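Grab a pencil and work through these short exercises with the structure open beside you. Try each task before you read its solution.

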Amino acid sequence: MKRFIPLLALGALTANVANAELQRVTYTQPEGEVRTYHGFSHTAYLDPAFGITVNEDHDGLARNVIFADNGDVWFKDPITWVQKGGWIKGHMDENNLITIDFPIIFPKDENDQSESFQIDRLVKGVVNKPDGTQQTTWIPDQSKSIIQFKYIEEEDRIVQVNEGMAAMIGLVSDGAYQYYGDYGVEYTRVKETAHQFPNNVEPEKWTFKCNYAGDYAILVDVAITGNEFYLKGFWPDYPDSTIKGIVEDDKVTFPSQQYMGFMTSNVGMNYYIYTVTGHKEPFQYTFRYVCDNIPLEFKYDKEARTLTPLFSEETNLMVSKGKTTGTVSDGNNTYVSYTEMSLKANTEIKELRVPEVKEITQYLDTGWGYLMVDLVPYDADVNALDTSRFYYRLYRDNGMLPLDPADSALNPKAYEGIDEPMEEIPYTFINGEGLTSMGSSKNRTVYYFRPADERMGVQSLYKLENGETIYSDVCFIDVNNFETYVVKWEDMPNNPNYSSVESISDAPVVSVKCYDINGRAVSADYKGLIIEEKTLSDGKRIVSKRMSR
């Protein structure tokens with residue numbers, strides 16, 4: 001059985017190619033003018049998780065090409081998913097036709113010159129599988145050993161010609177295709193420049209409201225100069241990115257395919273990034289984003305300072321590698337996608353929305369649990385919150401539950417980054433262990449090590465610039481029946497303005513429980529502040545505070 005080669009990591013096998021006359025991939029940059037192009041190709045690579053070949057249209061990759069004075073043209077890393085810093089050579093004739101001769105010996109790297117692999121011209125063919133069946137796949141071409149590109153000088157483009165869709169630049173070992181390659185290749189010189197937010201205009205704070213893995217809002221900067229509407233910061237991963245709309249009477253229009261800049265992906269490859277527009281549609285077992293590239297038109301209310309969509313709520317604003325999407329699932333070319341968009345100028349923050357407890361799990365035998373919550377990142381008037389001022393805290397039974405690193409002996413990494421007991425947890429704090437976010441930017445999963453007897457809760461708080469703090473009501477979940485309910489902030493014992501007034505009731509008291517301010521159960525003779533909860537036979541609860549000395 002042939003051994004699969006891990007993604008972006010080519011191991012050394014027994015050398016079987018030794019021909020000094022063949023071109024070798026060089027890891028030394030050749031002499032000549034280096035140009036960077038926006039690359040498009042149909043690519044194939046081996047999925048490291050499932051060991052299957054993935055085929056996708058790959059757009060936006062920054063590809064480097066060198067034009068030498070003697071007519072040689074060097075291509076850096078011509079196979080998209082084999083990024084090792086190697087160069088291969090072609091030669092351009094008087095008709096601007098660039099010819100690359102294959103096979104090309106592919107040493108592992110500049111230090112290890114093992115000749116286990118080649119880059120070759122591949123075409124579709126039939127191979128016999130070990131089980132006796134046949135399979136159509138890419139195979140080394142036995143009839144032709146060149147691939148050609150046309151350099152279109154007036155457009156500064158390099159395009160694979162003739163059989164471009166039928167001939168692959170692919171990776172070969174032991175005479176067989178190794179599941180990595182590119183075909184239908186185009187290189188286009190990037191001439192766009194990213195929009196810059198005006199530096200001579202005081203930005204206005206607006207809310208960008210949308211559906212992004214659920215209900216979502218973010219604080220953005222807006223500048224309106226003449227008939228130009230600048231929007232910055234709608235994509236948190238790239239906060240300085242700016243797109244521009246055109247103001248015309250009571251309408252603002254944002255063109256599609258706006259160039260946003262140059263980024264490095266998490267696999268170390270550099271991409272040109274664009275905003276595009278499109279829609280989502282089913283695709284095999286998942287879905288894909290398909291480009292429509294229609295402009296986004298909004299109704300503009302200058303007095304209220306709002307933008308309301310004039311397009312379908314199914315229309316997506318996408319941030320994409322390159323300018324195209326539509327043949328792969330959302331995880332490949334599209335970074336983010338927004339629907340149901342609207343914008344409004346921010347007003348004063350007055351009332352927070354109540355967070356929502358989604359799920360609770362407790363393991364009483366080992367003494368830990370986790371709570372899944374949604375923290376709403378905008379207020380009751382749909383003003384996006386400054387996330388650096390946004391916090392939340394947990395409740396256990398009738399008191400607050402701080403995240404105390406002393407509690408996490410069972411899993412020390414759970415509270416990594418927390419040095420002292422933390423009652424107010426920053427919205428922005430995620431450590432990937434005990435505090436995580438999955439599926440939505442507002443979702444949090446928080447681990448804790450003091451299981452509750454009756455209930456767990458979560459509350460949001462927001463710190464204003466004037467030093468005041470706004471508190472939401474508290475959402476609780478019952479650990480026995482998993483029902484959720486909300487308790488008003490003014491009815492919480494830890495509210496500084498809380499005062500308990502015992503209701504008149506004929507029902508007898510059936511139980512009394514005492515807690516300290518952190519929600520730990522204590523005895524009735526505990527010295528300090530005691531939160532006392534009485535449960536009546538009719539189900540009512542009476543909570544009071546008293547100081548015992």
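**Exercise 1: Neighbours of a strand**

L97 in β5 has K150 in β9 as its bridge partner. Keep in mind that this is a predicted model.

Task: Work out which strands pair with β5 and in which sense.

Solution: Start with β9, residues 146-152: β5 pairs with this strand in the antiparallel sense, over five bridges. Next, look at β4, residues 87-92, which also pairs antiparallel with β5, over two bridges. Here M92 sits opposite I98. Now check the hairpin of β4 and β5: four residues lie between the strands, and N96 takes a positive phi near 60°. Finally, compare the faces of β5: I98 and I100 are on the covered one, while L97, T99 and D101 are on the uncovered one.

**Exercise 2: An open sheet**

Task: Find the edge strands of the sheet ordered β25-β26-β31-β30.

Solution: Four strands make up this open sheet, with antiparallel pairing. The edges are β25 (356-363) and β30 (435-436), because each pairs on one side only. Zoom in on β30: two bridges link it to β31, residues 443-448, and T436 has T445 as its bridge partner in β31.

**Exercise 3: A loop arginine**

Task: Is R450 buried or exposed?

Solution: First find R450 in the loop between β31 and β32 (455-463). Its relative accessible area is 13%. Buried means under 20%, so R450 counts as buried. Then look at its side chain, which makes a polar contact with the side chain of D407 at 2.9 Å.

How values were computed: Residues are numbered from 1 along each chain as its sequence is written. This is a predicted model: local features need pLDDT of at least 70, side-chain atom pairs count only at pLDDT 80 or more; totals for chains, interfaces and linings use all residues. Side-chain values use heavy atoms; hydrogens and water are left out. Buried means under 20% relative accessible area, exposed over 50%, partly exposed in between (1.4 Å probe, protein chains only). A polar contact is a pair of N or O atoms within 3.5 Å; within protein, one must be able to donate a hydrogen and the other to accept it, and residues adjacent in sequence count only if both atoms are side-chain atoms.
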